Amino acid sequence: MKTKLKAASIILALTGLILAGYFAGCGTRRADMAEKPQQVDQTVARRDGKDVQTKVIVEAGADNGDISVRTEQESKKRADILLKTDESGIPYADKITYPKDWWEIIDKQGRKGEVPVLGDMPIAGKSFKLDSGAYGMGGYGGYGGAMYYDGHGSFLPRGGYGGYGGAGYGGYGEGYGSSYSIDGRYLSKLKSDQKQLGTRGPGYTPRPGPGGPLPIDLRTVSADEIWIIAKSEVAVVARDAETPGCGAMICRPPGQEKEIPLPLKHTDVKGQISGYIATVEVTQEFSNPYDEKIEAVYVFPLPQNAAINEFIMVVGERKIRGIIRERQEAERIYKEARDQGHMASLLTQERPNIFTQKVANIEPGKKIDVNIKYFNTLAYVDGWYEFVFPMVVGPRFNPPGFTDGVGAVARGKAGISGQKTEVQYLKPGERSGHDISLTVDINAGVAIEEAACSNHAISKNAAAPEKLTVKLSPLDSIPNKDFVLRYRVAGRKLKSALVVHRDKRGGFFTLMLYPPANLSSLRRAPMEMIFVLDCSGSMSGKPIAKAKDAIRRALKKLEPDDTFQIIRFSNNASQLGPKPVPVTPENIRRGLKYVDSLKGSGGTQMIEGIKAALDFEHDPHRFRLVSFMTDGYIGNEAQILEAVQERLGESRIFSFGVGSSVNRYLLDRMAKLGRGAVAYIGLDDSAGEVVDLYYDRISHPALTDVTIDWGGMAVTDMYPRHIPDLFVGRPVILTGRFKGEGKTTINITGKVGGHYQDISIPIDLDDSSAAHRGIACVWARKKIEDLANQAIYDQTSDLPDEIKQVALEYGLMSAYTAFVAVDSSRKTAGDHGVTVAVPVPVPEGVRYETTVQN
Amino acid sequence: MKKTALIIAASMCVMVPVLARQPYPEYPTAQPKVRFAPLHIYVDSGERALGAFQFELKAFGGQIKIVGVEGGEHAAFKEPGYYDPAALANDRIIIAAFNTANELPSGRTRIATIHLQITGRVEPEYGLELTVAADADGQEIPAEITFETGEQK
């Protein structure tokens with residue numbers, strides 16, 4: 001018996017050793033060429049930067065594309081051969097036929113690849129231009145292969161691998177398929193025939209892959225979204241047409257959208273503008289279309305400077321005013337009320353411009369409305385007042401390891417992003433039935449010359465020259481892009497305007513400070529212009545096209561004494577050249593060519609762009625302007641703002657928000673921290689016009705080192721604490737507390753090109769026409785913003801307590817306070833029912849496939 | 001003997017895991033019970049029309065938190081009154097409302113319902129103080145404030 005056991009043990013141990021040796025051997029075996037069709041394990045990087053194992057089919061005789069079989073020395077040598085640099089420092093490559101060659105280039109050129117690589121790639125007798133990007137795999141689940149490795153050292157385009165999707169991450173994001181696009185001829189064909197399913201390569205017939213039919217969206221995808229991916233066998237199995245991630249999206253004829261029954265039916269917005277202060281009431285109408293009780297959860301945007309001070313829950317005819325509480329306490333109250341069956345609602349702030357609304361115990365067939373009221377100051381931009389109401393939260397990118405962000409997930413995929421806050425998005429072809437109505441009443445005090453909304457259809461009705469009512473057209477009621485209303489008032493020479501409010505707490509004021517008129521007659525100093533372009537997946541398509549238009553226009557407007565640089569970033573950053581490029585016709589052409597080559601794909605590692613732009617060697621003889629062009633779809637805003645603060649130096653930041661529903665909080669803050677200004681380029685706006693206005697602004701010196709003598713006003717607690725530079729066309733709004741009465745004069749002094757200049761503003765503190773009850777809230781909101789900004793850099797102090805105290809005292813929403821309302825009169829039957837998230841459409845111009853985690 | 005030892009060992013093998021899975025005995029927690037209840041506030045202004053009011057609510061013998069302010073029964077006070085957030089930050093509940101419309105209530109009318117979270121098993125004793133009642137012109141008028149508990153009125 002003992003002998004038998006011994007023998008068995010020895011046999012087992014030997015078998016183990018053999019197997020271990022076998023697998024170890026497998027790991028080191030060289031396998032340049034596959035002898036027969038086989039699967040090859042490969043490691044690829046996802047959008048979130050994590051490496052994931054996948055399998056790639058390699059056909060007989062083919063190079064398996066696995067660079068791990070090359071020695072380091074071989075790899076380096078190969079990369080040196082492949083990657084060249086032209087005289088201007090732009091890297092390029094040609095005759096790239098092997099996937100492993102791409103990887104060699106990636107390894108040599110950048111951490112995460114996606115370096116700009118220009119060159120021609122002869123494939124099967126065709127010329128394919130390698131426009132950008134580097135990763136040869138990854139990308140869309142269900143998107144279908146646009147390029148197929150033929151096993152003979154060439155890549156061939158083919159379509160119809162619905163469901164294969166690169167490394168098969170179920171449409172996780174734009175992945176690292178990056179953006180090898182195909183030569184002009186091929187693209188033209190695709191552009192002119194967008195209704196075709198997939199793309200067809202020479203000699204290949206499109207055929208559906210295991211994922212089922214090709215997703216509908218590929219039929220409308222533009223030329224810059226053709227993906228080169230390896231044929232993968234990752235198990236993305238089609239289950240049914242409704243299953244996200246299977247690569248089989250519902251194909252519906254245009255115009256026949258699938259309506260998803262959801263608890264949020266309608267949002268009504270009523271704005272009243274008096275002077276430059278808006279009072280806005282937002283009513284969200286929740287109802288329960290299901291057979292059981294539900295809790296509705298809705299993540300939605302509001303303006304980043306909204307001072308929310310009222311919250312009312314409406315149950316039938318009854319209105320219950322919500323109470324401001326410390327956030328955790330409000331959450332506890334809500335949960336207790338919900339669990340006991342009471343109708344209740346809770347409003348919390350996730351970002352200064354993102355909020356979560358929860359409504360508990362909505363009974364089947366019943367409705368509960370929530371009414372939110374806020375004040376905010378309007379921006380005054382280049383002669384136009386601007387009223388903005390954001391309608392949808394754009395899908396954010398969160399860097400690897402970050403969990404405090406805002407995740408973008410597909411409808412029904414709660415929790416998969418791992419982020420603290422999640423927004424669920426409707427799939428293409430789905431419609432929630434949620435619509436929006438919006439009315440804005442303007443009382444400008446002086447005649448309104450013109451009003452326009454470039455991104456929504458509106459109707460206008462002027463009751464008097466200084467009064468105007470603007471309504472969103474009922475035909476344009478899908479909330480998938482910001483509502484931006486601009487209006488211009490009579491009089492080219494606007495005076496700085498003071499608005500005050502007094503109550504038992506004391507006096508509050510806001511001052512809109514206009515730059516002196518004569519600035520526009522002075523010329524600027526030579527500039528060092530740095531353009532930073534967000535080339536992430538969310539920018540692909542129209543947004544990046546707009547941003548590129550803007551940069552092209554700006555490049556052509558540079559003057560001979562200027563220098564420039566172009567930096568792109570997505571998963572990493574790269575730039576046109578190693579140092580500032582002098583403005584010469586040849587260099588401008590180079591710059592334009594470089595801009596043409598840029599595509600949108602990959603993640604949004606904005607920190608890389610910030611570092612590249614602000615750490616860039618500064619020319620002390622030139623005024624440095626950094627222009628960021630981005631949609632701002634990131635979840636780590638605090639990290640970015642901290643980096644801006646740390647690295648700013650002598651730079652001025654001008655941020656350009658590009659898209660239909662951009663992250664205005666981030667862009668505004670970057671500009672403020674960067675002592676510059678912000679501008680927005682909507683998808684229907686002319687990028688050229690925006691750039692012209694920008695150049696008009698920076699073509700004149702700013703009023704810097706501004707100080708104010710408040711005269712008879714005893715001013716305290718003013719925000720911003722430091723008065724920013726005044727640029728032509730860009731007034732600054734100051735808000736603070738004051739004591740004093742009667743008439744006095746405010747004297748402002750600033751420096752223009754080494755000379756001091758004074759401005760005097762006579763004011764009457766007792767003028768009742770210059771009063772607004774919202775000023776106290778506006779001031780408190782500014783104070784909270786100021787404290788929150790400090791908290792980004794100083795996490796050790798008791799700033800959160802200070803914010804909480806201000807917010808509670810003024811009854812305002814903040815990151816540390818929340819509104820809760822409970823109907824204690826009645827308990828609904830049963831427990832609190834099912835939680836239903838309200839999915840939203842992706843903003844217009846943003847591609848679901850490139851941004852939403854599925 | 002061996003047989004007995006084996007039985008004991010086998011029993012222990014079975015019992016130990018079973019015992020380990022037994023939950024600890026449960027005792028009532030020290031957490032106070034939390035519930036929600038409305039308090040209906042009435043003002044009787046006699047024959048005078050009520051245009052504005054302000055009152056302060058206190059509780060004795062129990063812990064309350066205001067979790068909602070509901071409007072009253074008359075159209076003039078249908079909109080929920082305002083609470084003073086600064087006072088609330090100091091644990092005081094002060095509610096006020098005004099209306100200058102032509103149609104104003106007189107006599108006894110429910111001016112508000114206060115939704116409360118009550119902590120503890122003791123029924124709190126409420127104290128109401130009418131700070132001021134006024135007519136549409138802002139003139140102070142004599143009035144009496146009372147409350148009722150119970151479900152929806």
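Here is a short conversation about a predicted model, its shared sheet and the contact between chains A and B.

Residues are numbered from 1 along each chain as its sequence is written, while chains are lettered from A and ligands numbered from 1 in the order in which they are written. Since the model is predicted, local features need pLDDT of at least 70 and side-chain atom pairs count only at pLDDT 80 or more, while totals for chains, interfaces and linings use all residues.

Biologist: Hello! In what order do the elements of chain B run from the N terminus?

Modeller: Helices (H or I, at least four residues) and strands (E, at least two) are DSSP runs, numbered from the N terminus. Chain B has two helices and eight strands. From the N terminus on, they run α-β-β-β-β-α-β-β-β-β.

Biologist: Which strands stand at the edges of the open sheet, and why is one side of each left without a neighbour?

Modeller: Two strands pair if DSSP finds at least two bridges between them. The open sheet has 12 strands with mixed pairing, in the order β26(A)-β27(A)-β24(A)-β10(A)-β11(A)-β18(A)-β13(A)-β14(A)-β3(B)-β6(B)-β1(B)-β8(B). Each edge strand has a single partner strand, so one side of each has no neighbour in the sheet; these are β26 (458–464) of chain A and β8 (144–149) of chain B.

Biologist: Which residue stands opposite A:I320 in β3(B)?

Modeller: Here we look at β14(A) and strand β3 (residues 63–71) of chain B, which run antiparallel and are joined by two bridges. Opposite A:I320 in β3(B) stands B:E70.

Biologist: And within chain A, what is the bridge partner of A:G271 in β11(A)?

Modeller: Strand β10 (residues 264–274) of chain A and strand β11 (residues 277–287) of chain A pair in the antiparallel sense over 10 bridges. In β11(A), the partner of A:G271 is A:V280.

Biologist: Which element gives the most to the side of chain A that touches chain B?

Modeller: Residues are in contact if their C-beta atoms, placed from the backbone, lie within 7 Å; by that rule 24 residues of chain A are in contact with 21 residues of chain B. The elements of chain A giving two or more residues to this side are β14 (318–321), β15 (323–326), α5 (327–339), α13 (799–810) and β43 (817–827). The one that gives the most, with seven residues, is β43(A).

Biologist: Last one: what percentage of the residues of chain B count as buried?

Modeller: A residue is buried if 20 or more other C-beta atoms lie within 10 Å of its own, exposed if 12 or fewer, and partly exposed in between, with C-beta atoms placed from the backbone. Of the 153 residues of chain B, the buried share is 29%.

How values were computed. Two residues are in contact if their C-beta atoms, placed from the backbone, lie within 7 Å.
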